[in-house]
Amino acid sequence: MKAILYSQRNEGPVPRRPTGLCAVSVAEHRCGPAHPPRSRRGKERRNSSGEWQEEGVRGRWPPKAAPAAMPSSALWAVDLFGRVFTLSTAGQHWEPCRDAQLEFKRVSAARDCCWGIACDHQVYVLVGASDVPIRCQEEAYENQRWNPVGGFCETLLPSDRWPWSDVSGLQHRPLDGVALPSLHWEWESDWYVDENFGGEPTEKGGWTYAIDFPAAYTRDKKWNSCVRRRRWIRYRRYKSQDAWAKIPSEDDPQQLPDPFSDLSVGGWEVTDEPVGRLSVWAVTLQGKVWYRENVSHHNPEGSSWSLVDTPGEAVQISCGPHDLLWVTLWEGQALVREGINRNNPKGSSWSTVEPPTSENGILHVSTGVCVVWAVTKDRKVWFRRGVNSHNPCGTSWIEMFGEMMMVNVGLNDQVWGIGCVDRALYFRQGVTQSELSGKTWKVIVAGREGDRSLSGSSFSLHSAGCFFGNEVRGSAESCGPGDTDASWEVPGPASSPAGLRGKESWKGPSHATANFPEATDLSSLRLLPLGLEEPDSADCHALWAWVSGGGCAVEAHTTLKWFTTQSGLCPSVQTLSLSITPAQTAAWRKQIFQQLTERTKRELENFQHYEQAVEQVRNARGTSSSRHPSVWVKTGALQWWCDWKPHKWMDVHVALEQLTGHDGAQDSILFIYYVVHEEKKYIHVFLNEVTALVPVFSEAKHSFALYTPERTRQRWPVRLAAATEQDMSDWLTLLNLSCCESRRMHGRPSPQAIWSVTCKGDIFVSEPSPDLEGPERRLPCDQMFWRQIGGHLRVVEANSRGVVWGIGYDHTAWVYTGGYGGGCFQGLASSTSNVFTQWDVKFVHIYENQRWNPVTGYTSRGLPTDRYMWSDATGLQECTKASTKPPSLQWTWVSDWFVDFSVPGGTDPEGWQYASDFPASYHKYKTMKDFVRRRCWARKCKLVTTGPWLEVTSVALRDVSIIPESPGAHGSGLNIALWAISDKGDVLCRLGVSELNPEGFCWMHVGTDQPFTSVSIGTCYQVWAVARDGSAFYRSSVSPSRPNGDCWYHIPPPPKQRLKQVSVGHTSVFALDENGNLWYRQGVTPSHPQGDSWEHVSNNVRHVSVGPLDQVWVIADKVQGSHSLSRGTVCRRTGVQSLEPKGQGWDYGIGGGWDHLSIRASATRAPRSSSQKPASKQNGQPPSVAGGPWQTPGPVCC
Amino acid sequence: MTDDKDVLRDVWFGRIPTCFTLYQDEITEREAEPYYLLLPRVSYLTLVTDKVKKHFQKVMRQEDISEIWFEYEGTPLKWHYPIGLLFDLLASSSALPWNITVHFKSFPEKDLLHCPSKDVIEAHFMSCVKEADALKHKSQVINEMQKKDHKQLWMGLQNDRFDQFWAINRKLMEYPAEENGFRYIPFRIYQTTTERPFIQKLFRPVSTDGQLHTLGDLLKEVCPSAVAPEVPMPEVCSWLPTWLLASSAEGSHLPSLWRDWEEDGPRLSQQGAENRRNQSPGTETRLLHREKSA
């Protein structure tokens, strides 16, 4: 098999010779088309100085030493001067918007972008800066036909397609005819030929052959191949991130005669196709409503405006995150859009809602997910009761306290308002899912940074990257004059501002504008700044004109610092930062501890022979343990899943007895007393033999499983259940403490620890003993002790310098803080610092099944033999909407049931999938033969817990890999290489990761031609990745000085297999395919890092992790024990040595229910000399058969 | 790695070597040998002196024995004060072991409470715990506990079982994550110089402007007499655990503090320097944290 240089746009010039590896030169003579296409060469010349700085960080290089910012989102607001500010949920200061030249009237924010209407009445969009660029692929096909004279040539038959066309062949598409959509885009590179054909490399310039157009194309040229085509691709990139980009209004001068006056974005929860789709609605001065077509993540500007007819003259519009859209009319009524759904995000019809009182019409509305707030012309605030997707009009108005200029509903239905008189910003406190109207208005007293310098040009520099960035700002002038002003803390919206004396003067204009809403927007606001410009220092609090909370996530556990004046400290410094706390704490605590030790020494040293006042009570039980002093610690009643059939929960009495051995070491025994056939019996477990305590939260029981080596081999743990969650947590904490005590394990896990995650998201850590990978007397896998660390993750990856990253089910990235405990471990089992709130989100799916009958069509009346009409995916379990509960008691619902359209195979517009019968393969269209159909319903649930983890903001991840410490390279001061795959499939490389800053600074994007799914970096900077088409890629020339490497080499997958994961150790490369086969890459050498071929190692593998010593650990799918079968078992490859890197057999450890494992921090090395010794006899065993403790001696080396 | 648990253990396993001698006027049948014991600092005298009682009763006639009480240098020792407190308050400057005189006659009714049985100690201990929880959690935690939890707490103290005690006590030491600490800090300041037995006031862990309080803040507010400058920093290793130093010779001049420093962690150290300057020699202050000592 061949590795082919996979040409890659501006990945830089001719690949440099990588350190330690010599990828390119070798590749060039080994593999076919090593030369990039000519077109690419041209680009290289132009681009030779650009290199990788250009690629990812875009002007932020070198990254500033910025400590970690708290996960935050921002509130957007416009003041009376038209200046735009943002206020972070983690911050205490208004940050001025970077683009200070423009003055705005209205802004409407979403999570990643903000739309606005500037004072020139043009629409602008600001896309937040991100480490991952917005890039789109353009493609064109070159078509050729064979003729006997010239062979393949561009001369086609008259009936043929264009020589240059789109994929269908219907559209003419010459390369130079493909233009950028707007000024805000730039080309990333020139056109080049795509040589990857469905995961397989093609020969001879990417041509694929067919008998005729249109037909099925193949890689190979055959005798009857009369036509051929190849695909050219080119990327364009959105270049106006973090700047206001003007939406061209050129479309048609006839259609858009008048300027815009209001605008609202929302609708991102209506559908996720395409990614990041937004509904952007606008109102013109003439009262017309417009909808912006095709706004999405990859097309942030949208394509065109289309007119939506309204029955009256619209004044203002508000679009909620979901399907609510309300418009206020000139006459004071509100229009409600109906029929908005994923197939028709524009909706279909309007219905009218009358204002609360006829004399005062509605001036302003704002919609959320299931709320509508309104302000009437007398400035009263109203809450619309009973609004939801099914009834977008709601039922009735409720008057709320306070007078407001406007209100805005943001994420989670949180509400902000601008006070009518004082023009201050108010936050509605106490808004929860159960109490959507909230409790009180609370004034936001955040200061503004650099108030004076706003008009200066230095300002934009000053605030560069303020929006979504992670940078810490200087705080010299952060303490705005407003912070000290007493008039800030006004009790309610009714008090008068400092600048405008008396209610009368203010009420006047507000009344006037009440009747002419547009005047407020266009003229009166323009006048006010003139009067106020001068006394900026006297009038020190901001007067706000507009607020938008559409990008601002405030939740129950969010603590906001907006309501108190700060004490001069820069807000970012106060946020959680990894590097500061532990050192200080440690010094402080150390001192106390030292003095305590000194005191103990002083008071006890000379008096050790004194008798203890309190003797340890002796165990009076007379059991075998009576030889040791033993003391009752805790007893209680639990339930036990009995060992014999029929298995059932039986009531037991449990006692934990603690004893002190002769050497002073503590050990404990857990006794479980039960009664069977009226006979009293007990089993006991020595806690120093316990290898894991795994909480098993289920719907009904608070239970946990207790493993010993023997129980692990049986695949049958001791399962105990407590009556309450608290009771279970008490037992679990105490047992864990006792286990750690008897193993003398304290504090945080060592940097070499082996990290793993169970299918429940629980995190377990094991300390590698020195003989874990030792040459002789290896510790059998099932004797490893696993202890739990708080938190909830799907993936965890570690490195021997103590950097640990995790990824949650919701793709949030987390970095380990160095603490321990959290979760259900409280008190002594948890570190006091470095434990923070953590959360995760996942979806629960159920299926609605229907059968067709000739009379009524599809109904929920099935045949008696059919599955439940509401069921799980298998159809075996009944799951109704009402009866389905979150996965465990830790989870709570955070949404209602909704139809999931993203199921494999696709659905019809209503989400149905059809089949001839249950269970069968489902397809998206109904055919004559389909008698059953189903659709998937999903519901979002959320878990909030605590653990030693901090969120890494900005990019959601799918996979992550940290460079394993190369043996012998300890203490090198280099940054730690960390690669990741974003949830969208972008390949990312993290800069600035070190022991002291495990979070790193920023991402650098590494371009690919398709989404990737898995990445792994080896000790010598070998980066391997797996793409969505199942093929592997090798990244050449990655080094500390060139962290993102040079170009991708395409490595075809094993025949007929699609790879899904890859793991690289010191020299070994292992990959896993979708059918659970483990493959070893044969022929990898420093001079030929891509290797030659895949060799099959094993089946039955779910996940693989290759360590820095080339040790291979996997999660096996199924392992049969003497009592039961376990799924998801930790296994170590035995017999791995330099001459036999594939190893020989498996050693089975803890399981089942394990999902993920990282051995990559475990660099505890066997003595060098022993690695040269040939291994003694090896036992091979196929992995699908369980074995006992695997005592295979065999050195691991590289 | 210094850990809470290590500190808690050291506090729990703090011992005072003590020499018990029988009062000279007590009538004995033969000479009474002194009796040596290591007393747990966190326990109560009458709870841990069964051995002492037995030892001396052996040499005495039955009719001469009435309720046992203890005295140090003429001061009757209140059994309802924790042992560590008594020692730091009265004897921290003297050489070890601590010499306690044992009496069986002429019970000082004025100074001491009777302690007829361990139940009385338990009742006193539990009332202290409850009072502390009333300040910390409006009694919510202690009231939610079952009788057996209360018993476990007491048995933990009585049998000197750290794990047993802390398995329950940790619940008393928790507070919701969204709050910065307890409602009020439960403390008492004991001084030898004043007439009042102790000072006790309501004190919140967080100031009105959101700043976390330090122990220094508390002392300044509650007991200004204890606050004066001029203790040079190097001499006092740290203000916080000075009660740990109190039993050393030079340490006797320093305020002696009982405090659970876990509550507001690192911040205490930030203001430590300031407080060090503010300490007054010659005053003995004790801040009693009930869970620890009571």
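Let's start with strand β69 of chain A, residues 1101–1106, which is mostly covered: five of its six residues are buried. Strands here are DSSP runs of E with at least two residues, helices are runs of H or I with at least four, and both are numbered from the N terminus. Buried means under 20% relative accessible area, exposed over 50%, and partly exposed in between, with a 1.4 Å probe and protein chains only.

Before I go on, this is a predicted model, where local features need pLDDT of at least 70 and side-chain atom pairs count only at pLDDT 80 or more, while totals for chains, interfaces and linings use all residues. Residues are numbered from 1 along each chain as written, chains are lettered from A and ligands numbered from 1 in written order, and side-chain values use heavy atoms, without hydrogens or water.

Back to β69(A). Which strand does β69(A) pair with? Its partner is β70 of chain A, residues 1112–1120, running antiparallel and joined to β69(A) by five bridges; strands count as paired if DSSP finds at least two bridges between them. One of the matches is Val1106(A), whose bridge partner in β70(A) is Val1112(A). Together the two strands form a hairpin with five residues between them, and in that turn Asp1110(A) has a positive phi of about 65°.

Just before β69(A), have a look at Asn1100(A), which is placed in the loop between β68 and β69 of chain A. Its phi is also positive, near 65°, in a residue other than glycine. Is Asn1100(A) buried or exposed? At 14% relative accessibility, Asn1100(A) counts as buried.

Now step back to β68 itself, which belongs to an open sheet of four strands in chain A, in the order β65-β66-β67-β68, with antiparallel pairing. The edges are β65 (1059–1064) and β68 (1093–1098) of chain A; each has a single partner strand, so one side of each is left without a neighbour in the sheet. The twist averages 30° from one strand to the next, where axes are lines fitted to C-alpha atoms, for helices over the stretch in contact, and angles run from 0 to 180 degrees between N-to-C directions. In the middle, β66 (residues 1069–1073) and β67 (residues 1078–1082) of chain A pair antiparallel over three bridges. Leu1072(A), for instance, has Leu1078(A) in β67(A) as its bridge partner.

Chain A has another four-strand open sheet to show you, β22-β23-β24-β25 in that order, with antiparallel pairing. Its edge strands are β22 (314–319) and β25 (349–353) of chain A, each pairing on one side only. What is the average twist from one strand to the next? For this sheet, the value is 25°. Three bridges join β23 (residues 325–329) to β24 (residues 334–338) of chain A, and Thr328(A) has Ala334(A) in β24(A) as its bridge partner.

A few backbone details for those of you who like torsions. The bond between Lys645(A) and Pro646(A) is a cis peptide, with omega about -5°; Pro646(A) sits in the loop between β36 (630–641) and β37 (649–660) of chain A. There is also a cis peptide bond from Gly1151(A) to Gly1152(A), with omega near -5°, and Gly1152(A) lies in the loop between β72 (1145–1151) and β73 (1154–1158) of chain A. Then there is His121(A), in the loop between β6 (113–118) and β7 (123–127) of chain A. His121(A) is not a glycine, yet its phi is positive, about 65°, and the residue is buried, at 19% relative accessible area.

For the whole of chain A, we have 11 helices and 73 strands, and 59% of the 1198 residues are buried.

Over to chain B, with 13 helices and eight strands; of its 294 residues, 62% count as buried. Helix α8(B), residues 162–172, is mostly covered, with 11 of its 11 residues buried, including Phe162(B), Trp166(B), Arg170(B) and Lys171(B).

Finally, α5 (residues 118–137) and α7 (residues 147–158) of chain B pack at an angle of about 115°, with axes 11 Å apart. Which residues of α5(B) meet α7(B)? Among them are Ile121(B), Phe125(B), Met126(B) and Val129(B), and on the α7(B) side the contact includes Leu153(B), Trp154(B) and Leu157(B), a contact being heavy atoms within 4.5 Å. That's my tour, thanks for listening!
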